[in-house]
Amino acid sequence: MNYNTLEDKDFINLISTSSDYYVIMFGASWCGPCQIMKPVYDELATSHKYQKLVKFVYLDRDTTRHYNQDYGFEIPTIPRFFLVKFEANGIFSHFNIKISFGGSQSLDSFNQKLDDYFSISNPQKNANTTESPNIDFSEITNTLTNMNTITHKKPTVAIIGSGPSGLTAAIYTARAELETTIYTGLEPGGQLTTTTEIENFPGAWDATTKAGMMGPDLMQLMQKQAEHFGAKSVLTEIRGIEIDDKAETKFTLDIGGKKEKFDAVIIASGASAKYLGIAGEEKFVGKGYHTCATCDGFFYRGKIIAVIGGGDSAMEEANFLTKFAEKVYLIHRREEFRASKIMLERARENPKIEFVLNKAPIDFMGDEEVTGLVLKDSITSQTSELNLDGVFVAIGHIPNTGFVKGQLSMDETGYLIPQAKRPPEERTSHYGTMSEIPGIFIAGDVEDKTYRQAITAAGGGCKAAMDTEKWLADQE
Ligand SMILES: Cc1cc2nc3c(=O)[nH]c(=O)nc-3n(C[C@H](O)[C@H](O)[C@H](O)COP(=O)(O)OP(=O)(O)OC[C@H]3O[C@@H](n4cnc5c(N)ncnc54)[C@H](O)[C@@H]3O)c2cc1C
């Protein structure tokens, strides 16, 4: 093993004594993707060119959950990796975190991320460096950050998001000879990196084993395909878009202090499923706890499952799941429903659905996989247990659109509205994927609360890229 596993006390010791760069992997013994990543991480620790500058450690997510609050580590899913800089002064905060990324990574993509960081931080430093680790990169980074507004010569496209829609858009724009930069956000690869086998993405299927690809592998392949055609990936989150109609290059992206200019922008920032927010749920995601009936319902043939929620999507998912499951409990914390009358009636008439009302889940049962839920009665406060093979939560999604709030119109739940989804009298362009601002296009789950599938998101990315290409040609 070429990296050290740290205990809590070791981490505290490092904060006080070390002034080095460290790559930290957060993982857990119950997390399949973490186990897959460990050998890759080990190889990186042996081979990495910044040997004298960067050290590698592993932290157990289960014993370090408080690090989120104490030190600013944001860990939506594991495995998660951070490049951090210790200052040997006993203080560690989120300011010491330089970059973070999650999901499965190849050795190449790992190396690339570290190379990108160090070459941006210190352009003089070449990849074969063996310099001492005492250089203050932060000063150089800050200077560059404050000075830099990079301008390009070729038509340029920024793609915000690296899920199926963003990466498909990147494959198309890069092949169309547009200078393409993908801003990956904090979840490189998007939602599919949080799941295991994908059985419904056409072509990503092994005819011999009859198995679909693993989500992280599929996304890594898409990223490689986009990069093969010339797209560049930057691991960062976009904070905002400045628009100047009079400027030669209209859009300036705010990349955390640094600014970069582009001729067109494709927003493919996806939507995040809302989870219940009860303790320990992270551990069960994909192990009996799901957010997508279309994706995972198939695995529950003849089983007993529950759907949680009281809106149209909960009714729809419950009905859909009865195709597979022997019985579906529909658990809702009230007696009143947000669902439309027709959807509610359809669920009530389905003999396989049993309503469990005035009950809210407060805990999961099971060790490695979900075996049931502990429910609390919202009137009597009494608790009860319900044995289950699986749980589907259907309490909504949050589109990742905060960075364009007030600039682009959204529906009541925050989803962006491309031209094609507007009433004909409100359309301002014939480009179906364009927003109301010419040059900003929209793709994937960030505008789609109906289908929310990898293939529909990829299709949206393709359409947005083709519209972008045509629109840019029209501007010449
Ligand atoms: C557990 C699970 C299992 C699933 N299983 C399946 C399945 O089997 N089959 C299927 O077809 N679908 C499945 N889905 C649904 C599928 O993953 C989504 O429909 C699809 O990923 C949407 O793609 P997208 O590109 O629109 O967005 P996402 O995949 O959500 O990607 C959004 C991207 O935007 C980035 N981002 C967000 N904000 C910013 C910002 N400010 N700056 C820069 N980047 C940003 C994120 O980091 C991420 O890379 C599943 C979803 C989940 C959660």
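1. Let me start with a small detail: Arg80 sits opposite Gly102 of β5. The strand pair to look at here is β4, residues 80–85, with β5; the two run antiparallel and share 5 bridges. Bear in mind as you read on that this is a predicted model.

2. Zooming out to the whole sheet, we have an open arrangement of 5 strands in the order β1-β3-β2-β4-β5, and the pairing is mixed. Which strands stand at the edges? They are β1 (4–6) and β5 (97–102); each has a single partner strand, so one side of each lacks a neighbour in the sheet. Going from one strand to the next, the twist averages 25°.

3. Now the domains. The assignment splits the protein chain into domain 1 (4–147), domain 2 (149–272 + 398–475) and domain 3 (281–395). Between domains 1 and 2, the contact takes 14 residues from domain 1 and 13 residues from domain 2.

4. Here β5 turns up again. On the side of domain 1 that touches domain 2, α2 (32–47) and β5 each supply at least two residues, and the largest share, 4 residues, comes from β5. By class, this side of domain 1 has 4 nonpolar, 8 polar and 2 charged residues.

5. Next, a helix pair: α6 and α12. Their axes lie 7 Å apart and the packing angle is about 35°, with a right-handed crossing. On the α6 side, the residues in the contact include Pro164, Gly166, Ala169 and Tyr172; from α12, they meet a set that includes Ala454, Ala457, Gly461, Ala465 and Glu469. Sorted by class, the contact has 10 nonpolar, 7 polar and 1 charged residues.

6. On to the ligand. How many residues surround the ligand, and which are the closest? There are 41 in the shell, and the closest are Gly163, Gly185, Gly190, Gly270 and Gly444. The helix pair from the previous point comes back here: α6 (164–175) and α12 (454–475) are the elements that give two or more residues to this shell.

7. What does the ligand shell look like by class? It has 18 nonpolar, 19 polar and 4 charged residues. As for where the shell comes from in domain terms, domain 2 (149–272 + 398–475) and domain 3 (281–395) each contribute at least three residues.

8. If you only have time for two places, I'd pick these. One is β5, an edge strand of the sheet that also gives the largest share of the domain 1 side facing domain 2. The other is the α6 and α12 pair, packed at about 35° and represented in the ligand shell.

How values were computed:
Residues are numbered from 1 along each chain as its sequence is written. This is a predicted model: local features need pLDDT of at least 70, side-chain atom pairs count only at pLDDT 80 or more; totals for chains, interfaces and linings use all residues. A residue is near a molecule or strand if its C-beta atom, placed from the backbone, lies within 6 Å of it. Ala, Val, Leu, Ile, Met, Phe, Trp, Tyr, Cys and Pro count as nonpolar, Asp, Glu, Lys and Arg as charged, and the others, Gly among them, as polar. Domain bounds come from an automatic or database domain assignment. Two strands pair if DSSP finds at least two bridges between them. Axes are lines fitted to C-alpha atoms, for helices over the stretch in contact, and angles run from 0 to 180 degrees between N-to-C directions. A crossing is left-handed if the near helix is turned anticlockwise from the far one by less than a right angle, and right-handed if clockwise. Two residues are in contact if their C-beta atoms, placed from the backbone, lie within 7 Å.
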